[in-house]
Amino acid sequence: MQADYCIDETQIFAVGHSLGGSFVASLACYRGDLLRGVAIVGGGFVAGNDCRGELAALLMHNPADDLSLIEWGESARDRILELNGLRPVSMPAEPATFNCRRYGPIGGPNPVVWCEHGISHSSSGRYYPHTWPAGAGAAIIAFFDALDR
């Protein structure tokens, strides 16, 4: 792809939901040195200990999700905090509608934002806590767009 397209290697991002989110968590570990940031929605950490690199991360998880347990998402968050050398001290963050908490200093290069949201209904109104919550896409784009500013 690099031969055919103009790719800014400092602006490569990965996004995943559910099993795709777990895959992105693995990428954050094994390819963190090649990625600028990741967004994980309802996914968990599945990688080992050979992690490298620091990167920004936005993680969204519903505590009521019984398909991807909240502990799996917390594990991904904690591993990325460790990779980035960040303390487990957080402050409220945007988007507030997702009950987000930011780790790392304001203006720091690789923030980690954990959003423990309670959106349990799909866009059709069906109860499904494992859903991709309405507004998640826009929140992810805003998070990535705010990096390096």
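**View 1. Ser18, a serine with a positive phi.** In this predicted model, Ser18 is partly exposed, because its relative accessible area is 26%, and partly exposed covers the range between under 20% (buried) and over 50% (exposed). You'll find Ser18 in the loop between β1 and α1. Take a look at its backbone: phi is positive, about 65 degrees, although Ser18 is not a glycine.

**View 2. Helix α2 from end to end.** How far apart are the end C-alpha atoms of helix α2? They are 21 Å apart. Here's the check you can do yourself: the helix runs over residues 70-84, which makes 15 residues, and at 1.5 Å a residue it should span 21 Å, so the expected span and the model agree. Just after the helix comes Gly85, and its phi is positive, near 70 degrees.

**View 3. The buried side of α2.** Which residues of α2 are buried? They are Ile70, Gly73, Ala76, Arg77, Arg79, Ile80, Leu81, Leu83 and Asn84. Notice that the list includes two arginines, Arg77 and Arg79. And what do these buried residues pack against? Their partners are the helix α1 (19-30) along with β2 (37-41), β3 (56-61), β5 (100-103) and β6 (112-116).

**View 4. Zooming in on Ala76.** Ala76 is part of helix α2. It counts as buried because its relative accessible area is 0%, and the cut-off for buried is under 20%. Leaving aside residues up to four places away in sequence, Ala76 touches Ala25, Gly44, Phe45 and Leu59. Now try tracing the chain from Cys29 to Ala76: they are 47 residues apart along it, yet their C-alpha atoms are separated by 9.4 Å.

**View 5. A salt bridge between two loops.** How many salt bridges does the structure hold? There are three. One of them joins the side chains of Asp33 and Arg52, at 3.1 Å from N to O. Asp33 sits in the loop between α1 and β2, while Arg52 sits in the loop between β2 and β3, so this pair ties together parts that are 19 residues apart in sequence. Asp33 is partly exposed, with a relative accessible area of 42%. Arg52 counts as partly exposed too, at 36%. If you're wondering about the idea behind the pairing, side chains of opposite charge can pair when their charged atoms come close.

**View 6. Arg77 and Asp78, joined by a salt bridge.** Here the side chains of Arg77 and Asp78 meet, with N to O at 2.9 Å. Are these residues buried or partly exposed? Arg77 is buried, since its relative accessible area is 11%. Asp78, on the other hand, is partly exposed at 38%.

**View 7. Glu82 and Arg79, a salt bridge within the helix.** The side chains of Glu82 and Arg79 form a salt bridge, with 2.5 Å from N to O. Both residues belong to helix α2 and lie three residues apart, which is about one turn of the helix. Their surroundings aren't alike: Glu82 counts as exposed because its relative accessibility is 54%, and the cut-off for exposed is over 50%. Arg79 counts as buried, at 13%.

**View 8. The β4-β5 hairpin.** Strand β4 (residues 90-93) pairs with β5 in the antiparallel sense, over four bridges. Which residue of β5 stands opposite Pro92? That's Arg101. Six residues lie between the two strands of this hairpin.

**View 9. Pro95 and Asn99 in the loop between β4 and β5.** Two backbone details are worth picking out here. Pro95 lies in this loop, and the peptide bond that joins Glu94 and Pro95 is cis, with omega about -5 degrees. Asn99 belongs to the loop as well. Its phi is near 55 degrees, a positive value in a residue other than glycine. At 48% relative accessibility, Asn99 counts as partly exposed.

**View 10. A nonpolar patch on the surface.** Which residues form this patch? They are Met1, Tyr5, Ile7 and Ile12, and together they have about 440 Å² of accessible area. To place yourself along the chain, look for Tyr5 in the segment before β1 (13-17). Tyr5 counts as exposed because its relative accessibility is 54%.

Technical notes
Residues numbered from 1 in each chain as written. Predicted model: local features only at pLDDT ≥ 70, side-chain atom pairs only at ≥ 80, totals over all residues. Heavy atoms only, no water. Expected span 1.5 Å × (residues − 1). Buried < 20%, exposed > 50% of the residue type's maximum accessible area, 1.4 Å probe, protein only. Contact = heavy atoms within 4.5 Å. Patch = residues over 30% accessible without salt bridge, like charges linked within 9 Å, V, L, I, M, F, W, Y side chains within 5 Å. Areas by Shrake-Rupley, 256 points an atom, 1.4 Å probe, with all protein chains shown as cover. Salt bridge = Lys/Arg side-chain N within 4 Å of Asp/Glu carboxyl O. Pairing = 2+ DSSP bridges.
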